[in-house]
Amino acid sequence: QDMEKLARKKSAPALVLVTHHIEEITPSFTHVLGLLNGEMAFQGEREKTLNEKNLSAIFGAKARMRRNG
């Protein structure tokens with residue numbers, strides 16, 4: 001929550017979040033980069049690229065995703 005408050009400030013620095021848990025990606029993060037074996041698997045706007053197809057590819061298993069809010 002503190003990170004979200006910081007990101008909303010006009011003077012906010014660029015923030016980078018590294019995680020394996022997509023539920024940690026807060027609304028202030030507008031873009032994502034997915035890696036597979038250290039290589040870029042996908043990148044772009046969160047709403048367009050963070051989806052079941054891309055997550056399944058990088059996690060090597062069928063991923064299901066549900067958006068809240």
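The lining of the largest pocket in this predicted model comprises 18 nonpolar residues and seven polar residues, with no charged residue among them. The space enclosed by this pocket amounts to about 690 Å³. A total of 25 residues line the largest pocket, and those closest to its centre are L17, V18, T19, V32 and L33. Strand 1 makes the greatest contribution to this lining, supplying five residues. At least two residues of the lining come from helix 3 (52-59), as is also the case for strand 1.

The second largest pocket has a volume of about 340 Å³. Its lining consists of 13 residues, of which I22, I25, R66, R67 and N68 are the closest to the centre. By class, five of the lining residues of this second pocket are nonpolar, three are polar and five are charged. Charged residues are thus present in the lining of the second largest pocket, whereas the lining of the largest pocket has none.

With respect to overall architecture, the protein contains three helices and two strands, arranged from the N terminus in the order α-β-β-α-α. Along the principal axes, the C-alpha atoms occupy a box of roughly 40 × 25 × 20 Å. The protein has 69 residues, 19% of which count as buried. Among contacts with a separation of 6 or more, 12% join residues that are 24 or more positions apart.

The largest nonpolar core is formed by six residues, namely V32, F42, L50, L55, I58 and A63. One of these core residues, V32, also belongs to the group closest to the centre of the largest pocket. For L55, when neighbours within four places in sequence are set aside, the contacts are with I22, L50, A63 and M65. Of these partners, L50 and A63 are themselves members of the core, while I22 is among the residues closest to the centre of the second largest pocket.

Two residues of helix 2 (residues 46-49) were examined in further detail, beginning with T49. T49 has a relative accessibility of 10% and therefore counts as buried. A polar atom of the T49 side chain is placed 2.9 Å from the backbone oxygen of E45. Beyond neighbours within four places in sequence, T49 is in contact with V32, F42, Q43, G44 and N54; V32 and F42 are both part of the largest nonpolar core.

R46 is likewise located in helix 2. Its relative accessible area is 15%, so R46 is classed as buried, the limit for this class being under 20%. The side chain of R46 has a polar atom 2.4 Å from the backbone oxygen of F29. Not counting residues up to four places away in sequence, R46 touches I25, T26, P27, F29, T30, H31, V32 and R67. Two of these partners, I25 and R67, are among the residues closest to the centre of the second largest pocket.

The loop between strand 1 (31-36) and strand 2 (39-45) contains N37. N37 has a relative accessibility of 75% and is therefore exposed, as the threshold for exposure is over 50%. The phi angle of N37 is near 55°, a positive value in a residue other than glycine. Most residues other than glycine have a negative phi.

Definitions and conventions
Residues numbered from 1 in each chain as written. Predicted model: local features only at pLDDT ≥ 70, side-chain atom pairs only at ≥ 80, totals over all residues. Heavy atoms only, no water. Core = buried A, V, L, I, M, F, W, Y, C linked by side-chain atoms within 4.5 Å. Buried < 20%, exposed > 50% of the residue type's maximum accessible area, 1.4 Å probe, protein only. Contact = heavy atoms within 4.5 Å. Helix = DSSP H or I, 4+ residues; strand = E, 2+ residues; numbered from the N terminus. 1 Å grid on protein atoms, 1.4 Å probe; cavity = no way out; pocket = protein on both sides within 12 Å on 5 of 7 lines; lining within 4 Å. Points joined across faces, edges and corners; volume = space filled by probe spheres on them. Nonpolar A, V, L, I, M, F, W, Y, C, P; charged D, E, K, R; others polar. Polar contact = N/O pair within 3.5 Å; in protein donor to acceptor, adjacent residues only side chain to side chain.
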